[in-house]
Amino acid sequence: MSYRPYQQIERRRSRQISVGRVKVGGDAPITIQTMTNTLTSDAAATIAQIRRAELAGVDIVRVSCPDVESTAALAEIVREVNVPIVADIHFHYKRAIEAAQAGAACLRINPGNIGSAERVREVVTAAREHGCSIRIGVNAGSLERHLLEKYGEPNPEALVESALEHAKILQDHDFHEFKISVKASDVFMAVAAYQQLAEQCDHPLHIGITEAGGRRAGTVKSAIGLGNLLWAGIGDTVRVSLSAEPEEEVHVGWDMLKTLGVRNRGVKIISCPSCARQGFNVIATVQQLEERLAYIETPVTLSIIGCVVNGPGEALMTDVGLTGGGNNRHMVYSAGRQDHTIDGGSMVDHIVAQVEAKVAAIQAEETAKKALAEGMASVTEDVAKRAMAEGMAAAE
Ligand code: SF4
């Protein structure tokens with residue numbers, strides 16, 4: 001999606017796995033994940049929360065399965081939502097088997113923590129039989145004792161070694177449908193661990209900064225750590241961990257991907273911080289537009305700039321633009337060009353309508369392109385069939 005050389009990100013090559021119908025790794029788009037915080041045994045509350053995350057654009061949702069009541073609720077949850085579900089299991093291998101049977105698309109479990117070789121074999125067999133992938137999830141807060149003794153403290157090398165030990169167990173069972181995470185709440189440690197792991201294997205990577213904090217500080221911390229990795233082409237699926245509602249994690253994840261141009265969805269608003277020169281209240285306008293345009297999924301860009309200092313320049317690079325002018329009259333831009341003026345009173349309604357019209361035009365263009373491509377494909381097929389028939393007739 002990048003359109004300038006300095007905006008190109010070269011993505012690390014990884015193998016591809018399936019999490020239900022969603023592909024992770026390889027050339028698949030980088031996906032956004034979140035995790036529910038309801039009791040999984042409360043299926044109705046969990047389904048409602050997953051649906052809110054779906055509206056925000058989530059691709060994959062993880063639910064904890066700490067007890068048999070949770071895995072019992074899983075079948076209903078899987079049936080009622082549209083995104084694949086990852087069952088988060090810690091030690092209980094039976095919960096993993098139950099989750100696989102209940103329709104989980106992926107199990108988050110570390111094979112080294114399951115216990116005996118027989119239990120590992122049972123879990124891998126269940127995953128294979130039910131088409132589940134696995135996420136190995138190493139966390140600096142729960143590293144194995146032998147690695148803590150070897151390294152003295154959690155560090156990137158210990159995280160990577162732990163991940164590769166778990167991976168070897170799955171590989172020894174000829175199971176390769178897995179992705180790996182090596183999370184730490186320390187942003188330096190997490191980034192270094194992912195960088196090292198990316199060098200040492202080709203498995204898809206689930207990236208995240210664990211226990212990042214509340215909405216504001218956690219967003220900043222995640223953006224620094226995950227932004228660094230994504231910019232370097234590392235990461236196939238992203239979870240932003242915030243002490244906030246799951247849909248908030250999804251919004252932040254999307255904003256990271258949109259900022260780096262690695263995946264786009266919905267309205268990307270470019271707005272100025274505002275100052276004494278603003279021709280209208282930029283902050284209130286942007287807040288209203290964010291809310292009213294949140295439902296749009298088609299990628300479209302919108303600039304909301306308080307005055308002519310930066311407004312025309314930003315409008316050049318966006319699909320729809322608004323620049324504050326004097327006397328409560330403001331300039332509206334379309335595809336970078338001055339189009340018409342609008343007064344402050346009806347401005348928000350007007351910009352919403354402009355963006356909706358732009359989205360409709362983009363969708364119509366995409367439909368036309370698709371129809372043309374399909375038409376060309378069927379013409380090419382007809383030509384090939386005719387040429388083959390003529391060739392066969394000539395050969396006879
Ligand atoms: S674009 Fe204009 S209103 Fe916005 S911050 Fe800059 S000078 Fe101020």
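**View 1. Five strands, ordered 11-12-13-14-15, make an open sheet with mixed pairing.** Welcome to this predicted model, where local features need pLDDT of at least 70, side-chain atom pairs count only at pLDDT 80 or more, and totals for chains, interfaces and linings use all residues. Residues are numbered from 1 along each chain as its sequence is written. Strand 11 (267-271) and strand 15 (337-343) are the edge strands, each pairing on one side only. From one strand to the next, the twist averages 20 degrees. Strands here are DSSP runs of E with at least two residues, helices are runs of H or I with at least four, and both are numbered from the N terminus. Two strands pair if DSSP finds at least two bridges between them.

**View 2. Strand 12 (residues 300-305) and strand 13 (residues 320-323) pair in the parallel sense.** Four bridges hold this pairing. Look for isoleucine 305, which stands opposite threonine 323 in strand 13. Helix 10 (residues 282-293) lies across strand 11 and strand 12, and runs at about 180 degrees to strand 11. Angles run from 0 to 180 degrees between N-to-C directions, with axes being lines fitted to C-alpha atoms, for helices over the stretch in contact.

**View 3. Eight strands form an open sheet with parallel pairing.** Their order is 8-7-6-5-4-3-10-9. Strand 8 (178-183) and strand 9 (206-207) stand at the edges with a single partner strand each, so one side of each has no neighbour in the sheet. Further in, strand 4 (residues 60-64) and strand 5 (residues 85-88) run parallel and are joined by four bridges. Here valine 61 stands opposite isoleucine 85 in strand 5.

**View 4. Helix 1 (residues 43-55) and helix 2 (residues 68-80) have axes that come within 10 Å and cross at roughly 30 degrees.** That angle makes helix 1 roughly parallel to helix 2 (angles under 35 degrees count as roughly parallel). Ala43, Thr46 and Ile47 in helix 1 meet Ala73, Glu76, Ile77 and Glu80 in helix 2, where contact asks for C-beta atoms, placed from the backbone, within 7 Å. These contact residues divide into four nonpolar, one polar and two charged (Ala, Val, Leu, Ile, Met, Phe, Trp, Tyr, Cys and Pro count as nonpolar, Asp, Glu, Lys and Arg as charged, and the others, Gly among them, as polar).

**View 5. The chain is assigned domain 1 (11-260) and domain 2 (266-396).** These bounds come from an automatic or database domain assignment. Taken over C-alpha atoms, the centres of domain 1 and domain 2 are separated by 34 Å.

How values were computed
Angles under 35 degrees count as roughly parallel, over 145 as roughly antiparallel, 65 to 115 as roughly perpendicular and the rest as oblique. Two residues are in contact if their C-beta atoms, placed from the backbone, lie within 7 Å.
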